Amino acid sequence: MPAPIILAIESSCDETAAAVIDRDLNALSNVVASQTDLHERFGGVVPEIASRAHVQKILPIIDEALKQANAKLSDLTAIAVVTEPGLVGSLLVGLTAAKTLAWSMNLPLIAVNHIEAHIYACRMAAGRDIFPAVGLVVSGGHSNLYTCQSALDFELLGSTIDDAAGEAFDKVAQLLNLGFPGGPAVERAAKKGDPKAVRFPRTFLKDKRLDFSFSGLKTAVLYEARGNPGSHRPVPELTEQRVYDLAASFQEAAVDVLVGKSEQALTETGTNVLCVGGGVAANGRLREQLSEMSNRTGAEVIIAPMEFCTDNAAMAGIAWELYDAGRFAELDVDVTPGLVRRPR
Ligand code: KG4
Ligand code: ZN
């Protein structure tokens, strides 16, 4: 009898990913095909291009994940798939593949929430139970704070009212001509700049609610870079150094807000553990500031390891929690593209 293993499939945005995860939450394989080169010239993810690329990649990626884990379809215990939130066409490709495999192999199907999986990446990295915790998920599509009583009980505390943090990094990179994806490009430029050069707004930092807003920050960077059409105030020439300074000042403002709101969420919920996941969690300055906050407050901060920050299927290891709780999906389960604000 082979050891129990789950095949997890992730296709919610622009990464086609599959992983095989064992009962001890070890990723026996974790294969990710990124579509960055397809979307680069558009400066953002084009949904139709993303879905078509998923269709081409999904079966080879599943095959590769099984091969690297030295597993056959007949060895699987269950099929897990991310069904929410994400791009509808992209999610449907993964879900259709997962349903087909579950039906043909007569295996249970498990529906995974992508955001919860980002938080669960911290649990997998910690190798022990870390809940109750506050979860911060900062990615290209989301900036959400959760209270996580257990791996099966996530409640949304707040989210962005406009752009996501990663989206702001991507847009700022685009307007400063730094490249795509924007996060790593802004981080590289920021290393050569002065974070105090421009004092950008820290939206909602002093506000009682636990929401984020990054649209005003992005516009403020635009005005500092190219001038404000509604004002006659001249802006300095956009030299190479000025680009670095704007990148550093923007990053500092975004990080201040993410760390400040996380600390506020810990205080308000009386929680002492913060889990941070999602693509922006790969940002070095954010990691540095979180560790400073941890030293200052005594809160434990668990940040997903770099390879589990950006989208991957291994983080869908949360499926084992759902498996143990008997939370299986029917074969008529649909995708849910939007963020659901329900307590779970
Ligand atoms: O979690 P993820 O791979 O995909 C979504 O679920 O959206 O996150 C991608 C986002 C992009 O916006 C990217 O620019 C951002 O994460 N990102 C970063 C860094 N690496 C990736 N943002 C800031 N600093 C980074 N080093
Ligand atoms: Zn993600």
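Which residues coordinate the zinc ion (ligand 2)?

**Entry 1. The zinc site.** I worked throughout on a predicted model. I looked up the donors of the zinc ion (ligand 2) and found His114 through NE2, His118 through NE2 and Asp311 through OD, at 2.0 to 2.1 Å. I then noted the spacing of these donor residues in sequence, which reads H-x3-H-x192-D. I recorded that helix α4 (residues 114-126) holds both His114 and His118. The two histidines are 4 residues apart, about one turn of the helix. I checked their accessibility and found that His114 and His118 are both buried. I kept in mind that water is not among the atoms, so the site may look incomplete.

**Entry 2. Helices α6 and α8.** I next examined how helix α6 (residues 182-190) packs with helix α8 (residues 240-269). The angle between them is about 115 degrees, and I found their axes 7 Å apart. I therefore entered α6 and α8 as roughly perpendicular to each other. The crossing of the two helices, α6 and α8, is left-handed. From α6, I listed Val186, Glu187, Ala189 and Ala190 as making the contact. From α8, I listed Tyr244, Ala247, Ala248, Phe250 and Gln251. Sorted by class, the contact of α6 with α8 comprises 7 nonpolar, 1 polar and 1 charged residues.

**Entry 3. Cis peptide bonds.** I looked up the bond that joins Phe131 to Pro132 and found it cis, with omega near 5 degrees. I placed Pro132 in the loop that runs between α4 and β6 (133-138). I also looked up the bond from Phe180 to Pro181, which is cis with omega near -5 degrees. Pro181 belongs to the loop between α5 (165-175) and α6.

**Entry 4. Positive phi.** Which loop holds Asn177? I located Asn177 in the loop between α5 and α6. Its phi is near 55 degrees, a positive value in a residue other than glycine. With a relative accessible area of 71%, Asn177 is exposed, since the cut-off for that word is over 50%. I made a similar entry for Asn70, whose phi is positive at about 60 degrees although Asn70 is not a glycine. I found Asn70 in the loop between α2 and β4 (78-84). Its relative accessible area is 72%, so I entered Asn70 as exposed.

**Entry 5. Ser51.** Is Ser51 buried or exposed? I found a relative accessible area of 12% for Ser51, which means that Ser51 is buried, because the cut-off is under 20%. I placed Ser51 in helix α2 (residues 47-68). Setting aside neighbours within four places in sequence, I found Ser51 in contact with Gly89, Ser90 and Val93.

**Entry 6. Ala18.** I traced Ala18 to strand β2 (residues 15-22). Its relative accessible area is 0%, and I therefore recorded Ala18 as buried. What does Ala18 contact, leaving aside its neighbours within four places in sequence? I listed Leu7, Ala8, Asn30, Val31, Ile61, Ile62, Ala65 and Ala313. I also looked up the separation between the C-alpha atoms of Ala18 and Leu339, which is 23 Å. Along the chain, Ala18 and Leu339 are 321 residues apart.

Terms used
Residues are numbered from 1 along each chain as its sequence is written. Chains are lettered from A and ligands numbered from 1 in the order in which they are written. This is a predicted model: local features need pLDDT of at least 70, side-chain atom pairs count only at pLDDT 80 or more; totals for chains, interfaces and linings use all residues. Side-chain values use heavy atoms; hydrogens and water are left out. Axes are lines fitted to C-alpha atoms, for helices over the stretch in contact, and angles run from 0 to 180 degrees between N-to-C directions. Angles under 35 degrees count as roughly parallel, over 145 as roughly antiparallel, 65 to 115 as roughly perpendicular and the rest as oblique. A crossing is left-handed if the near helix is turned anticlockwise from the far one by less than a right angle, and right-handed if clockwise. Contact means heavy atoms within 4.5 Å. Ala, Val, Leu, Ile, Met, Phe, Trp, Tyr, Cys and Pro count as nonpolar, Asp, Glu, Lys and Arg as charged, and the others, Gly among them, as polar. Buried means under 20% relative accessible area, exposed over 50%, partly exposed in between (1.4 Å probe, protein chains only). Donors are N, O and S atoms within 2.8 Å of the metal (3.2 Å for Na, K and Ca); water is not among the atoms, so sites may look incomplete.
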